[in-house]
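Here is a friendly look at the cysteines and charged pairs of one protein chain. Please keep the viewer open as you read along.

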Amino acid sequence: MAKPTRRAHACDLSILDAPQVVVCGEITEDLYADFRAQTANAARDDLVVVAMTTLGGDPEVARAMAEEVRAHARSNARQRWIFLGRAVVYSAGVTFMSAFARSDRYLSRDCRLMIHERQIHKTLEIHGPLSACMASAQALVHEIENGMAIQDEGFADLVKDASLPLETLRLRVRDNWYLDAAEALSLGLVEGLV
């Protein structure tokens, strides 16, 4: 493995050569079950590397996976969890990556990230009494507002300790934002490249 390009760091990064948890594929409930089994075995180690390659998937499953990492970290203060993005980390994969401290995020040199706003695909049919129509419309507005709040929480986690302002990120992600590993490093979204 090539020597990592990184800022000052307190651990031997040769551990990235053999991650304990490997997540590859679409983020689904089945992938989550496999992830949980792998993390249960790895949770005994003081340093856990999670390698990910994904074109995205279910953002709520990604959030659940992220909470799994946070829960392990909370239950063992000596334990450190490191993210290693390989090849591509798109969409829900970036949601998962944002659960890791910026100082614990690494990408392979060939990795590409894709970040975008949360998506909704719904058809709302309005018919019947006006009060029922209003309730249906308000329910959809509340769903969108809640989704935007969840999105902003994830974006704030992603840019925490980075040089990229949250407002700039919000503007860039309106259309799918693709960035390579070198750009992610220059914006401070990750600690280093391997």
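The report below covers the cysteines, then the salt bridges and the surroundings of their partners.

This is a predicted model, in which local features need pLDDT of at least 70 and side-chain atom pairs count only at pLDDT 80 or more, while totals for chains, interfaces and linings use all residues. Residues are numbered from 1 along each chain as its sequence is written, and side-chain values use heavy atoms, with hydrogens and water left out.

**Cysteines**

Let us start with sulfur. A search of the whole structure turns up zero disulfides (a disulfide being a pair of cysteine sulfur atoms within 2.5 Å). Cys111 is accordingly in no disulfide, and the nearest cysteine sulfur, that of Cys24, is 12 Å away. Cys111 is buried, with a relative accessible area of 1%. Here, buried means under 20% relative accessible area, exposed means over 50%, and partly exposed lies in between, using a 1.4 Å probe and protein chains only. Cys133 is buried too, at a relative accessible area of 10%.

**Salt bridges**

Now for the charged side chains. The structure holds eleven salt bridges, each a side-chain nitrogen of Lys or Arg within 4 Å of a carboxyl oxygen of Asp or Glu. Three of these pairs are listed here, with their N to O distances.

| Acidic partner | Basic partner | N to O distance |
|---|---|---|
| Glu68 | Arg36 | 3.2 Å |
| Asp157 | Arg70 | 3.3 Å |
| Asp152 | Arg170 | 3.3 Å |

The helices named below are DSSP runs (H or I, at least four residues), numbered from the N terminus.

Take the salt bridge of Glu68 and Arg36. This pair links distant parts of the chain, with Glu68 in helix H2 (residues 59–75) and Arg36 in helix H1 (residues 29–42), 32 residues apart. Glu68 counts as buried at 14% relative accessibility, whereas Arg36 is partly exposed at 43%.

Next comes the salt bridge between Asp157 and Arg70. Asp157 lies in helix H4 (residues 130–159) and Arg70 in helix H2, so the pair ties together parts that are 87 residues apart in sequence. Asp157 is partly exposed, with a relative accessible area of 31%, and Arg70 is partly exposed at 27%.

The salt bridge of Asp152 with Arg170 also links distant parts of the chain: Asp152 sits in helix H4 and Arg170 in helix H5 (residues 166–172), 18 residues apart. Asp152 is partly exposed at 26% relative accessible area, and Arg170 is partly exposed at 24%. Finally, Glu67, Arg70, Arg74 and Asp157 are joined into one network by salt bridges that share partners.

Notes:
Helix = DSSP H or I, 4+ residues; strand = E, 2+ residues; numbered from the N terminus.
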